[in-house]
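This briefing covers selected secondary-structure and backbone features. Please consult the sequence and the coordinates alongside the points that follow.

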Amino acid sequence: MTTLAIRRFSSRAALDAALEERLARSIAASGPSAIMLSGGTTPLPAYRALAHDAGLHVFFSDERYVPSDSEASNYLRSRPLLDALALRPEKVLRVRTELPLAQAAEDYARALGAMLGSGVPVSLGLLGLGADGHTASLFSAADLARASGQLAIAVQRPDGMSAVSVTPQLLAQVEQLLFVVAADGKREAITALEAHDANLTAWRAVQGCPAVELWLDLD
């Protein structure tokens with residue numbers, strides 16, 4: 001059964017500092033490892049603050065189907081961290097949005113499968129939580145059903161954009177999975193997650209994960 005541990009922070013600064021420390025600890029771990037970065041704006045201060053050089057893999061929970069230099073791109077938003085880490089290109093697994101959407105999803109799934117198949121553990125994964133209860137780019141029961149047996153899928157978002165998202169099968173491979181939530185307007189989704197609401201897409205997406213944490217900015 002999946003458990004959910006909750007940490008509440010007195011301020012955004014406290015949450016940012018704790019997230020920076022957790023990321024730094026995963027990055028500094030000996031041996032091969034990977035971390036999964038999320039979209040949204042909540043983790044950006046922690047990404048910008050880190051400046052370690054480490055040989056690890058980085059990949060993304062999801063990516064909007066936009067050019068890699070678009071302001072809407074999770075890859076572009078994470079560049080401060082990627083630049084600080086000075087990772088070799090082959091160790092940054094990004095969604096190749098220059099490909100047709102279905103092919104981009106298949107390509108990302110193959111890359112993730114190759115990484116996992118090589119024995120690289122995913123030590124840490126970050127997830128956001130949408131006001132509508134979505135996480136990554138998994139928005140509905142239909143998305144979850146299509147994700148069965150896959151590591152990544154193409155998704156049509158409710159806002160009209162397309163995206164590529166990891167799946168519950170991929171999330172189940174993450175050793176430490178954190179929902180990091182600091183934005184306003186998400187109280188209903190947070191309450192549903194805390195209550196383990198079986199109708200909440202985000203909660204259903206992590207049912208294969210033995211332990212999940214929810215980090216909240218109370219300010």
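How many bridges join β4 to strand β8? Three bridges do so, and the two strands run antiparallel. The model is a predicted one, and the points below are grouped by topic.

**Sheet**
- The open sheet consists of three strands in the order β4-β8-β7, with antiparallel pairing.
- Strands β4 (62-64) and β7 (152-156) lie at the edges, each pairing on one side only.
- On average, neighbouring strands of this sheet are turned by 20° against each other, direction ignored.
- Strand β8 comprises residues 162-166, and within β8 the residue S165 is the bridge partner of D62.

**Helix α1**
- Helix α1 covers residues 12-28, and its end C-alpha atoms are 24 Å apart; this agrees with the expected span of 24 Å, because its 17 residues are taken at 1.5 Å a residue.
- The buried residues of α1 include the charged-type positions D16 and R22 as well as L15, A18 and L19.

**Positive phi angles**
- Most residues other than glycine have a negative phi.
- A136, although not a glycine, has a positive phi of about 50°; A136 is located in the loop between β6 (122-127) and α6 (141-147).
- A136 has a relative accessible area of 8%, which is under 20%, so A136 counts as buried.
- H196 is likewise not a glycine and has a positive phi of about 55°; H196 is located in the loop between α8 (187-194) and α9 (201-205).
- H196 counts as partly exposed because its relative accessibility is 35%, in between the cut-offs of 20% and 50%.

Terms used
Residues are numbered from 1 along each chain as its sequence is written. This is a predicted model: local features need pLDDT of at least 70, side-chain atom pairs count only at pLDDT 80 or more; totals for chains, interfaces and linings use all residues. Side-chain values use heavy atoms; hydrogens and water are left out. Helices (H or I, at least four residues) and strands (E, at least two) are DSSP runs, numbered from the N terminus. The expected span of a helix is 1.5 Å times one less than its number of residues. Buried means under 20% relative accessible area, exposed over 50%, partly exposed in between (1.4 Å probe, protein chains only). Two strands pair if DSSP finds at least two bridges between them. Axes are lines fitted to C-alpha atoms, for helices over the stretch in contact, and angles run from 0 to 180 degrees between N-to-C directions.
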